[in-house]
Amino acid sequence: MIGRRALLALLAGGAMAAPMRRGAASELPRERLPMPAGMAGGPGLLMAGNQSAMADRWKPVLPGALAQGLGLPAPLPVRDTVGQDGVTGANLFDSQFASDGMMALAAPGSALIASLCGDPRAHFDYSRWVPLLLSTTMPVVIGRAQLHRGLGSFIRDRPVRIAVSTLTGIELPTVLAMSLFGLRPIPVTGLATPQAAAAALRDNQVDTIQITDPLGTPETSALVSSLAQAGFPALFTLGTQANPLTLSDQQVMSMQSRLQQDAHSALHGLLYAAWKPLAAAAGVDLALVLPMLTQPATLARWRAATTQAIRDSAVHTMAQDTGRILLTGTDATEALRLAAGDTSTIMTLRRWLAANLPTWRLG
């Protein structure tokens, strides 16, 4: 039976053929790579994106915490994959590792966004992963004061420049959000760090930026606070919660609440439905998953180990200090389901991309 992602690819082929780069090289290796010593026959961890913030934060604590939960004498052996967005590792996980559940994948939310967008590098289907642990953050959108006073008061189709790493990177939910407000988003690429984005905002090179992990480090928290003092407040979070987020000395409403206030008709459209899984994926700091066909006994062992791992003092302290929410069990399953979307929302997202990517690429 044809899989969901394969069906979407066939349906979107005509619409996406023009905007997506033709002949883009796959990140899949040309041959199967040998398994690292000590990994065969026992549990291991595949770290997707060794240059990602997710790897920097979780690699020092997760292998040891999981090993304790699994009753192992040493931290889990880790296999790194190159890159920042985790697409390479996710591809390897789906293509090269058996579904015996011995290898768990740790992937960042940027890999999920690449898949949602139909990135030609992505050959994995994360809707078929079984989540063990999801660590989530609450990204915030920051902009100029006049934008804050009334998003809905702008003339429709007014251009708004948005700092992004790439055209379909982790900041894409903010780009789509501006479309929902009736504005015309203009992504400004190459601004991949909070510091670079904040500098561009101060220099009037962009109008809005997305801080994906506002509580991740003391430096980032201080940066958000200093931007607010300089007249660049947080406009909204990439969330749907009713209660505002307390961020430094700011009370930041969710995107859903902001739309209800400034563009409530957008809440009932297909584009908002497509925005929700995109925003959910952007808020995924870590997705620790197994293949769908993992045997129940193996899955139960991993789940018990994960439950114990999040009680580890190093993991607990890190999550508490950086504003992360750790989800396991049915909570993690529901969160990943929301980030996966459905056929209708994914097709809406890709049609919107197909209509806008050519213009964005022309600058």
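1. Let me start with Asp331, which lies in helix H14. With a relative accessibility of 48%, Asp331 counts as partly exposed. Its C-alpha atom is separated by 9.1 Å from that of Leu133, although the two are 198 residues apart along the chain. Bear in mind throughout that this is a predicted model.

2. Staying with that helix: H14 covers residues 329-340 and lies across strand S4 (129-136) and S13. The direction of H14 is at about 90 degrees to S4.

3. Now the overall picture. The chain has 15 helices and 13 strands. Of its 363 residues, 52% count as buried. Take the contacts between residues at least 6 apart in sequence: 79% of them join residues at least 24 apart. As for the surface, the chain exposes about 15800 Å², and carbon and sulfur atoms supply 55% of that area.

4. On to the sheet. It is open, has 6 strands with mixed pairing, and its order reads S2-S1-S3-S12-S4-S13. Which strands stand at the edges? They are S2 (78-80) and S13 (325-328); each has a single partner strand, so one side of each is left without a neighbour in the sheet. From one strand to the next, the twist averages 20 degrees.

5. Strand S1 deserves a paragraph of its own. S1 (residues 44-47) pairs with S2 in the parallel sense over 3 bridges. On that side, Leu45 has Val78 as its bridge partner in S2, and Met47 stands opposite Asp80 in S2. S1 also runs parallel to strand S3 (residues 103-107), and 4 bridges join the two. There, the bridge partner of Leu46 is Leu105 in S3. Which way do the residues of S1 point? Gly44 and Leu46 point one way, Leu45 and Met47 the other way, and all are buried.

6. Helix H4 is worth a look next. Of the 10 residues of H4 (residues 87-96), 8 are buried, so this helix is largely enclosed by the rest of the structure. The buried residues are Val87, Thr88, Gly89, Ala90, Asn91, Leu92, Phe93 and Gln96. What do they pack against? The list takes in S1, S2, S3 and S4, along with helix H5 (109-116) and strand S12 (284-291).

7. Then there is the H7 and H15 pair. In general, two packed helices are described by the angle between their axes and the distance between the axes. Here, helix H7 (residues 172-180) packs with helix H15 (residues 343-362) at an angle of about 95 degrees, and their axes are 12 Å apart. That makes H7 roughly perpendicular to H15. On the H7 side we find Leu172, Val175, Leu176 and Ser179, which meet Leu349, Trp352, Leu353 and Trp360 in H15. Sorted by class, the contact has 7 nonpolar residues, 1 polar residue and no charged residues.

8. Leu349 turns up again in connection with Ala273, whose place is in helix H11 (residues 270-282). The C-alpha atoms of Ala273 and Leu349 are separated by 9.1 Å, and the two residues are 76 residues apart along the chain. Is Ala273 buried or partly exposed? Ala273 is partly exposed, with a relative accessible area of 25%; the cut-off for buried is under 20%.

9. Thr298, found in helix H12 (residues 296-309), falls on the other side of that cut-off. Thr298 counts as buried at 17% relative accessibility. What is Thr298 in contact with, leaving aside its neighbours within four places in sequence? The answer is Asp100, Gly101 and Met102.

10. Last, two backbone details to check if you like looking at phi. Asn204 is not a glycine, yet it has a positive phi of about 65 degrees. Asn204 lies in the loop between helix H8 (194-202) and strand S8 (208-211), and it is partly exposed with a relative accessible area of 44%. Ser248 is not a glycine either, and has a positive phi of about 55 degrees. The loop that holds Ser248 is between strand S10 (245-247) and strand S11 (250-252). Ser248 is partly exposed, with a relative accessible area of 48%.

Conventions. Residues are numbered from 1 along each chain as its sequence is written. This is a predicted model: local features need pLDDT of at least 70, side-chain atom pairs count only at pLDDT 80 or more; totals for chains, interfaces and linings use all residues. Side-chain values use heavy atoms; hydrogens and water are left out. Axes are lines fitted to C-alpha atoms, for helices over the stretch in contact, and angles run from 0 to 180 degrees between N-to-C directions. Angles under 35 degrees count as roughly parallel, over 145 as roughly antiparallel, 65 to 115 as roughly perpendicular and the rest as oblique. Contact means heavy atoms within 4.5 Å. Ala, Val, Leu, Ile, Met, Phe, Trp, Tyr, Cys and Pro count as nonpolar, Asp, Glu, Lys and Arg as charged, and the others, Gly among them, as polar. Buried means under 20% relative accessible area, exposed over 50%, partly exposed in between (1.4 Å probe, protein chains only). Two strands pair if DSSP finds at least two bridges between them. Accessible areas come from the Shrake-Rupley method with a 1.4 Å probe; for residues, only the protein chains shown count as cover.
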